[in-house]
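Open the model in your viewer and keep the sequence panel visible. The tour goes from the whole chain to one residue and then outwards again.

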Amino acid sequence: MLKMVKSCIGTKFTGQFGTLIADLAIDATTLVSVDLGNGLHEVDIKKYVKVEKIPGGQLEDSQVLRGVMFNKDVIAPGKMRRRIVNPRIMLLDCPLEYKKGENMTNAELMNEEDWHTLLKMEEDYILKLCTQIASFKPDVVITEKGLSDLACHYLSKHNISAIRRLRKTDNNRIAKVCGAVIVNRPDELQDSDIGTGAGLFEVKKIGDEFFTFITECKDPKACTVLLRGASKDLLNEVERNLQDAMCVARNMIKNPKLVPGGGASEMSVSAYLKQKSSFVEGVDKWPYEAVAHAFEVIPRTLAQNCGVNVIRTMTALQAKHANGENAWYGIDGNTGVISDMKELGIWDAYNVKVQTFKTAIEAACMLLRIDDIVSGIKKKQVQSATPSKPQVEDEKDVDSEQMIPE
């Protein structure tokens, strides 16, 4: 897999850093891979792999966390713990503050005591919520909505650290890493909804900002890739390369089949089709020969890019593939020399290659089905009152520059 991912990012900017990005991509994709049985795997890198880019430090400091991190701090830093080992994590999708009415409501207060009663009702409501939460003895409470100062006071009294207004996507990732269930109402809480899979909850300061880390998880099915680098532009480029590498690793996990790169697989298919065409008679042999010739475009282009003698190189490569024994031979993209792709470690994913072949042939079929070409240029028509007979242009009348060569 490492060779496969390296051949994907070899020509990109991060190719100069060796196996660093390839290792990160493989670690991240294997972490979030879920075995569905019968040899099937689900790898959702879009939902469950978050890339956090923090400028500063060396690119070598980048790592895949066995857990998640997000740009938040606890609500009351002085009162709440910032480091908890083996935390019990509770995830909520509801506000821990007094709900405002959906419509505009007017309350008419006659006495001073009524005002205190109203405030007491709000306080009792929040106290009830916090007591329900505290009864499950969580160490960390994370909510996607707001959390009032009063709720913060009650939670800190119970020695619970709280984080508010977290993104939905981040909350889903936390649920995946620590085994918690996101609950919509505190009344519906159960002991099984508390996440106990995380090994460490910690808030660290990186640069000027605080980041929360939930790491050392037992069986995380989501992760965060922490990228460090000198500037934002560098980090953006590294992230793009990492996305490509992760897609290659995902294809490998889903369908673990490889084909040699460097034009070797195209030449093998081309050689086989040429052999097949010799056993076919009549018009039917033409498509075989045409497709076989078309497949030679990839190795020919590689040879042209390297600046070697294209005809000699292609003839030598065709000779190697003619008997079907040297199927591993292709063109080294750096030197233009015919080499064994297995030794160089240049690989392509089988399912990507198959899809490319199918798409190319389908596109060609579609173009051949087109009967007419619609031109965007209008011909100048001579407007006349009486409809004249259509005139056929002779070769003398036609402008020589506009004639289409045969």
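Of the 406 residues in this predicted chain, 38% are buried. Show the whole chain as a cartoon: there are 13 helices and 17 strands. Turn the C-alpha trace about its principal axes, along which the spans are about 105 × 75 × 45 Å. The radius of gyration is 33 Å, whereas a compact globule of 406 residues would have one near 22 Å. Among contacts with a separation of 6 or more, 71% join residues 24 or more positions apart.

**Stop 1: Thr-29**

Select residues 20-32, which form helix H2, and find Thr-29 in it. Is Thr-29 buried or exposed? Its relative accessible area is 0%, and the cut-off for buried is under 20%, so Thr-29 counts as buried.

Now show side chains. A polar atom of the Thr-29 side chain lies 3.2 Å from the backbone oxygen of Ile-26. Which residues does Thr-29 touch, leaving aside neighbours within four places in sequence? The contacts are Val-43, Ile-45, Met-246, Ala-249, Arg-250 and Ile-253.

**Stop 2: helix H7**

Next select residues 232-254, which are helix H7. At 1.5 Å a residue, the 23 residues of H7 should span 33 Å, and the end C-alpha atoms are indeed 33 Å apart, so the two values agree. Colour the buried residues of H7, including Leu-235, Val-238, Leu-242, Ala-245 and Met-252. Met-246, Ala-249 and Ile-253 are also buried in H7, and these residues are in contact with Thr-29. To see how positions along a helix line up, remember that an α-helix has 3.6 residues a turn, so residues three or four places apart point the same way.

**Stop 3: the sheet under H2**

Return to helix H2, which lies across E3, E4 and E13 and runs at about 15° to E4. Select these strands. What is their order in the sheet? The sheet is open, its three strands are ordered E3-E13-E4, and the pairing is mixed. E3 (49-55) and E4 (63-65) are the edge strands, each pairing on one side only. From one strand to the next, the twist averages 25°.

Strands of a sheet pair through backbone hydrogen bonds, either parallel or antiparallel. Zoom in on E4 and E13 (residues 223-229), which pair in the antiparallel sense over three bridges. Finish by selecting Leu-65, whose bridge partner in E13 is Thr-224.

Notes
Residues numbered from 1 in each chain as written. Predicted model: local features only at pLDDT ≥ 70, side-chain atom pairs only at ≥ 80, totals over all residues. Heavy atoms only, no water. Helix = DSSP H or I, 4+ residues; strand = E, 2+ residues; numbered from the N terminus. Buried < 20%, exposed > 50% of the residue type's maximum accessible area, 1.4 Å probe, protein only. Polar contact = N/O pair within 3.5 Å; in protein donor to acceptor, adjacent residues only side chain to side chain. Contact = heavy atoms within 4.5 Å. Expected span 1.5 Å × (residues − 1). Pairing = 2+ DSSP bridges. Axes fitted to C-alpha atoms, helices over the stretch in contact; angles between N-to-C directions. Rg over C-alpha atoms; globule rule 2.2 N^0.38 Å.
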